[in-house]
Amino acid sequence: PADVATSSGCVRVFVAGAVTHVGKTSVCLGLLAALRNAGLKASELGYIKPATQCEAPDLLSKWCAAEGVEYVAGENAPLVFFSGFTRSFLAGEQGTSAQWLQKIQDKIASMSEGRRVLIIDGVGFPSVGSIVGVDNADVAKAAKATVLLVCKSGVGSAIDSFSLNSSYFLAKGVPVLGALFNLGETEGFYSWEKCQESIGAWFTQQSRRERFY
């Protein structure tokens, strides 16, 4: 969509998690695979995890390498929260928040050149990194990206989680595209088929501009 494209013409989508281990990276992989299946060339896509707590290669990186999609993740991420990083930062040994955000912003700008879509993978939950002034909202804002929030499925807890976490991004001036409710049951009372109607009713009644998936 035109309203999420940057001045370079590249659409930047920041995939954030309402909680840890909610499937952010799997969603990133799904988005990239869907875009490839829709006909976009590998050279038109990019993936970056600008801040990470894990330096080991993951399956998404292996998929990108196999497909020829440029990616930056693991030990090559602009910011790696290695063990002891936060204490070292607070002791004044790791530069400033502005310097880290600039490093991230520069890398994202570089990867956006000549590409149609850049998928940006968040770390943990929205406020991870706030202790060093580089949380997910700070990174998304520096990246000039819109946020897709990945939440656990359900009804009450799912909407409560979306409301809380989307507010965090909005409070920092970061637009939220919508929510993807993940890890739902395949059958029974909490199956997606049963939850979808109630979630949709809430979005309609609240006149929310965001979309849900």
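Which residues is alanine 18 in contact with, once its neighbours within four places in sequence are left aside? Before I answer, I should say that this is a predicted model, in which local features need pLDDT of at least 70, side-chain atom pairs count only at pLDDT 80 or more, and totals for chains, interfaces and linings use all residues. Residues are numbered from 1 along each chain as its sequence is written, and side-chain values use heavy atoms, with hydrogens and water left out.

To come back to alanine 18, its contacts (heavy atoms within 4.5 Å) beyond those neighbours are Phe125, Pro126, Leu149, Val150, Cys151, Ser161 and Asn165. Alanine 18 sits in the loop between E1 and H1, where helices (H or I, at least four residues) and strands (E, at least two) are DSSP runs numbered from the N terminus. With 8% relative accessibility, alanine 18 counts as buried, a word that stands for under 20% relative accessible area, with exposed over 50% and partly exposed in between, using a 1.4 Å probe and protein chains only. Its C-alpha atom is 7.1 Å from that of phenylalanine 162, although the two residues are 144 apart along the chain.

Valine 22 belongs to the loop between E1 and helix H1 (24-37), and it is buried, with a relative accessible area of 0%. Apart from neighbours within four places in sequence, valine 22 touches Gly17, Val150, Cys151, Lys152, Asn182 and Leu183. The C-alpha atoms of valine 22 and phenylalanine 181 are separated by 9.2 Å, with their positions 159 residues apart along the chain.

Those two phenylalanines bring us to the core. A nonpolar core here is a set of buried Ala, Val, Leu, Ile, Met, Phe, Trp, Tyr and Cys residues joined through side-chain atoms within 4.5 Å. The largest one has 43 residues, and Phe162 and Phe181 are those with the most contacts inside it. A second, separate core of 20 residues includes Leu45, Tyr47, Leu60 and Cys64. Setting aside neighbours within four places in sequence, phenylalanine 181 has contacts that include Phe162, Trp192, Ile199 and Phe203.

Next, why is helix H5 described as largely enclosed by the rest of the structure? The reason is that seven of the eight residues of H5 (residues 136-143) are buried, namely Asn136, Ala137, Asp138, Val139, Ala140, Ala142 and Ala143. Among the elements covering these buried residues are strand E1 (11-17), helix H4 (97-112) and helix H6 (156-171). At the N-terminal end of H5, aspartate 135 acts as a cap through a polar contact, meaning a pair of N or O atoms within 3.5 Å, where within protein one must be able to donate a hydrogen and the other to accept it, and residues adjacent in sequence count only if both atoms are side-chain atoms. Here a side-chain oxygen of aspartate 135 lies 3.0 Å from the backbone nitrogen of alanine 137. Just after H5, lysine 144 takes a positive phi of about 55 degrees.

Lastly, I turn to threonine 52, which is found in strand E3 (residues 51-52). Threonine 52 counts as buried, at 2% relative accessibility, and a polar atom of its side chain lies 3.0 Å from the backbone oxygen of cysteine 54. Beyond its neighbours within four places in sequence, threonine 52 is in contact with Gly74, Ala77, Leu79, Val80, Phe81 and Val123.
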